[in-house]
Amino acid sequence: MTLDYLYNNYVYILMPLISGLIGYITNVLAIKMTFYPIDYFGIRPFGWQGIIPSKTTKMASKSVDLLTRDLFKTSEVFSKLEPKEVSEICKEQFISLSKQITKKVMHSRMPFIWEHSSYKIKTQIENSLAQMMPEIVENSMAKIKNNIDDLIDLKSLAITSLKEDKSLINKIFLDLGGKEFRFIEVSGLYLGMLFGIGQIFTSMYTNHWIMFLTYGIFIGYITNYLAIKLIFEPIEPIKFGPIVLWGLFLKRQKEESYRYAQIISEKILTVENLFNAIFRSSNNTKIQTIMETEVSVAIDKIFRELPFTVKLLLPSDKIKEFKSVALFELMCEMPVYIRIMFPYAEKTLDIQNTIGSKMASLPPKKFIDFLRPAFQEDEWKLILVGAILGGLAGILQYFLS
């Protein structure tokens, strides 16, 4: 091959390279436009927001439905907690809290009685509540454990976490399908070069701009379409001699399962988030009822053991007020004081391994559903973007040629 030949035919030689570049760039841009920008950029309707961030709530809802249906059963996970163990861990903390609550309530609501009570009576009331506090905690945890499905709205918790941090839904899909997305990008290069060879033969008959436009659209479209198909299909491995065709995402099911479980356990279903959902939810009347019952039983027992003369000074409305204020203080402080048992809860609940092992054992069809929602509904947009960008690149190629 002489230099003159290369000089006279360099356009044909460059075609596969340029087509490969078109395929690569269009695929890279299509992937980027799927996830970015996180917030709408531009002036509506002339602007863009990443396909995934634009449907955070919908995507989150789909992901959480799959999570709660197949991987995480709240009652099953919380059944591992031992209320007595929790009570033992929290014992000293809550004894201190009980004394703090007693003094605060008596000083604020029954100052006269408290001021004129003997040291012995004051100590008896403080110590009685302190002694009962571990029992209150143990009984409360037992009831929480038995009613956990009513106490935690897992879907609401997860969706709220994802809506508060839009980048988190991106992180889940990008971490879970990182290698697959890179495959889409690189496959655009190789498939583009392959189709570029066909462009050489076509250009021998015509160099009309329509040919460049058509090839650009075709390359942009087909590279994205084939890349997405190759990620998820075939669902079961198909052998052709030494060659095995199998969806790329499915090949790494175990690896991706534990990666997904790690993100969920560290960012969404953390022990802190779960217990905050129990104790800090503004509309969670169930936990208040549980705590109210335990506090009421404990205070009734304490006042029954007081001397008769003290009881005469405590009308029923005062005892009721005492219970109400004590409950309020306990509900306010509970989320803070319960944190001491988080390391135990994290180890016992073992959320990451629970989710990871279940996901790793899912049938292939169910497994791909965890990444498929990122494409399924809007994959036509991804393919269309690739076709449009390919067409523009084809026209540019025409002018460069």
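Where in the chain is the place of T270?

## A first stop: T270

T270 sits in the loop between helix 14 and helix 15. The model you are looking at is predicted, and this loop residue is a handy place to start exploring. Is T270 buried or exposed? T270 is buried, because its relative accessible area is 16%, and the cut-off for being buried is under 20%.

Leaving aside residues up to four places away in sequence, T270 touches I264 and S265. You can also look from T270 across to E346: the two are 76 residues apart in sequence, while their C-alpha atoms are 8.1 Å apart in space.

## The chain as a whole

Now step back and take in the full view. The chain has 401 residues, and 47% of them count as buried. Its secondary structure is made up of 22 helices and 4 strands. The radius of gyration is 32 Å, well over the 21 Å that the globule rule gives for 401 residues, so the chain is more spread out than a compact globule. Taken along the principal axes, the box filled by the C-alpha atoms is roughly 115 × 50 × 30 Å.

What about contacts along the sequence? Among contacts between residues at least 6 apart in sequence, 81% join residues at least 24 apart. As for the surface, the chain exposes about 20600 Å², and carbon and sulfur atoms supply 60% of that area. The side chains include 46 positive and 41 negative ones, and the centres of these two sets lie 1 Å apart.

## Along helix 1

Helix 1 spans residues 3–35, and two of its residues make good landmarks. G23 lies in helix 1 and has a relative accessible area of 0%, so G23 is buried. Not counting residues up to four places away in sequence, G23 touches G188, L189, I219 and T223. K58 is another matter: G23 and K58 are 35 residues apart in sequence, and their C-alpha atoms are 30 Å apart in space.

L21 also belongs to helix 1. With a relative accessible area of 45%, L21 is partly exposed. From L21 to L274 the distance is 48 Å, C-alpha to C-alpha, and the two residues are 253 residues apart in sequence.

## A cis bond at P37

After helix 1, you can find P37 in the loop that leads to strand 1 (41–43). The peptide bond from Y36 to P37 is cis, and its omega is near -5 degrees. In general, most peptide bonds are trans.

## Helix 9 and its neighbours

Helix 9 covers residues 154–164, and its buried residues are L154, L157, A158, I159, S161 and L162. Which helices do the buried residues of helix 9 pack against? They pack against helix 3 (56–71), helix 4 (74–78), helix 10 (166–176), helix 14 (253–268) and helix 15 (271–279). Two of these names may ring a bell, as helix 14 and helix 15 flank the loop that holds T270.

## The two sides of helix 19

Helix 19 runs over residues 342–349, and F342, Y344, A345, T348 and L349 are its buried residues. Why do these residues share a side of helix 19? They cover an arc of only 155 degrees around the axis, which puts them on the same side of the helix. P343 and K347, on the other side of helix 19, are exposed.

Right after helix 19 comes D350, in the loop between helix 19 and helix 20 (351–360). D350 is not a glycine, yet its phi is positive, at about 50 degrees. Most residues other than glycine have a negative phi. D350 counts as partly exposed because its relative accessibility is 30%.

## A last landmark: L384

L384 is part of helix 22, which covers residues 379–400. Is L384 buried or partly exposed? L384 counts as partly exposed, because its relative accessibility is 41%. Its C-alpha atom is separated from that of I217 by 9.1 Å, and the two residues are 167 residues apart along the chain.

Definitions and conventions. Residues are numbered from 1 along each chain as its sequence is written. This is a predicted model: local features need pLDDT of at least 70, side-chain atom pairs count only at pLDDT 80 or more; totals for chains, interfaces and linings use all residues. Side-chain values use heavy atoms; hydrogens and water are left out. Buried means under 20% relative accessible area, exposed over 50%, partly exposed in between (1.4 Å probe, protein chains only). The arc is that of the directions from the helix axis to the C-beta atoms. The radius of gyration is taken over C-alpha atoms; the globule rule is 2.2 Å times the number of residues to the power 0.38. Contact means heavy atoms within 4.5 Å. Accessible areas come from the Shrake-Rupley method with a 1.4 Å probe; for residues, only the protein chains shown count as cover. Lys and Arg count as positive and Asp and Glu as negative; His and the chain ends are not counted. The place of a charge is taken as NZ of Lys, CZ of Arg, CG of Asp or CD of Glu.
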